[in-house]
Amino acid sequence: MEEIRRPDDMVRITTPELAQAFIEEQVKLVQEQVGDKKVLLALSGGVDSSVVAALLIKAIGKQLVCVHVNHGLLRKGEPEQVIEVFRNQMNANLVYVDATDRFLDKLANVEDPETKRKIIGGEFIEVFAEEARKLDGIEFLAQGTIWPDILESEKGIKAHHNAGGLPEDMNFELVEPVKILFKDEVRIVGKELGLPDNMVFRQPFPGPGLGVRCPGAITRDRLEAVRESDAILREEFAKNNLEGKVWQYFTVVPDFKSTGIKNGKRSFEWSVIIRAVNTQDAMTATVENIPFELMQHLVERITAEVPGVNRVLYDFTPKPTGTIEFE
Ligand code: XMP
């Protein structure tokens, strides 16, 4: 297929009407491209793959097969939301794979950050390819590639193929219906397609998930502490109108313990670190000024509700010298 590019004079999609026109046009194009064949999509639940899924469900219904791989490093409630929105509400053909044990077993005792990332990426491709082989008659692979991905790959900053790295015999033709859109346009299109706000306007979340917020070798109990404290932070930010205002916020649980007191007894437990930053392009970042009362409330909730935690710290470090994530 000829390379499709964003026209220089394309009007930025900022209104529901413009989004609807884009959706109608893409639905037609996808129907023409795919015909009566089947399309496979790795549906992470992130903005881009979710919007592609919703668009393709509208265009080709059950000819789309979505595969949601739960690598065990997702945020609390994420796999459940993917199943609820796509299988229950949109009636999608969704294959859900709980590969938690597979990933965590491979990651056991692995301390090096880059090795962890490689294992997570490699295992993801393997699980996805295994599922693809179980399906008959797939000819297309849909991807949530967006315009900045194309520009960055042209500049040599990063490779843009999200599912790149599939085995060579899996030779699918690509379907990339949002590839000429900027992120803000993808969100508006997603909203028009009926996706929930907390899916469309969500903060960035790294592919290796909570794995990079559980520094060093990942253990199940420390990972649970990351997941539970992250859920509390997100709930409190939503309640206090910080969701959508702060660019990225999360918790980290490093592999060290300190002495404290719980229920009148000595405790020796982990610390939760809260990070909340603002940025334009993630190259530099400043730290959010969280109200002190909210901070105190977060400390109370996290130490009371998250097993194995007796302290809560706030990371005041901008980028540079820190990065946004911890590893
Ligand atoms: P850093 O930590 O480099 O993060 O300041 C900048 C932005 O990139 C995200 N990030 C990742 N995203 N895979 C991803 O998909 C990764 O391995 C990864 N590492 C960092 C990070 O969440 C932040 O938004």
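In this predicted model, helices α1 and α2 are roughly perpendicular to each other, because their packing angle of about 65° falls within the 65 to 115 degrees that count as such. Helix α1 covers residues 16-34 and helix α2 residues 47-60, and their axes lie 9 Å apart. The crossing of α1 past α2 is right-handed. On the α1 side, the meeting residues are Ile-23, Gln-26, Val-27, Val-30, Gln-31 and Val-34; facing them from α2 are Leu-55, Leu-56, Lys-58, Ala-59 and Ile-60. Sorted by class, this contact of α1 with α2 brings together eight nonpolar residues, two polar residues and one charged residue.

A convenient next stop is the sheet. Five strands form an open sheet with parallel pairing, and reading across it gives the order β3-β2-β1-β4-β5. The edges are taken by β3 (93-98) and β5 (173-175); each has a single partner strand, so one side of each is left without a neighbour in the sheet. On average, neighbouring strands are turned by 30° against each other, direction ignored.

Within this sheet, strand β1 (residues 38-42) pairs with strand β4 (residues 138-142) in the parallel sense, over four bridges. One residue pair can be picked out here: Val-39 has Phe-140 in β4 as its bridge partner. A further helix, α5 (residues 113-134), packs on the sheet, where α5 touches β1, β2 (64-70), β3 and β4. The direction of α5 makes about 155° with that of β1.

Notes
Residues numbered from 1 in each chain as written. Predicted model: local features only at pLDDT ≥ 70, side-chain atom pairs only at ≥ 80, totals over all residues. Heavy atoms only, no water. Pairing = 2+ DSSP bridges. Helix = DSSP H or I, 4+ residues; strand = E, 2+ residues; numbered from the N terminus. Axes fitted to C-alpha atoms, helices over the stretch in contact; angles between N-to-C directions. Contact = heavy atoms within 4.5 Å. Parallel < 35°, antiparallel > 145°, perpendicular 65-115°, else oblique. Left-handed = near helix turned anticlockwise from the far one by under 90°. Nonpolar A, V, L, I, M, F, W, Y, C, P; charged D, E, K, R; others polar.
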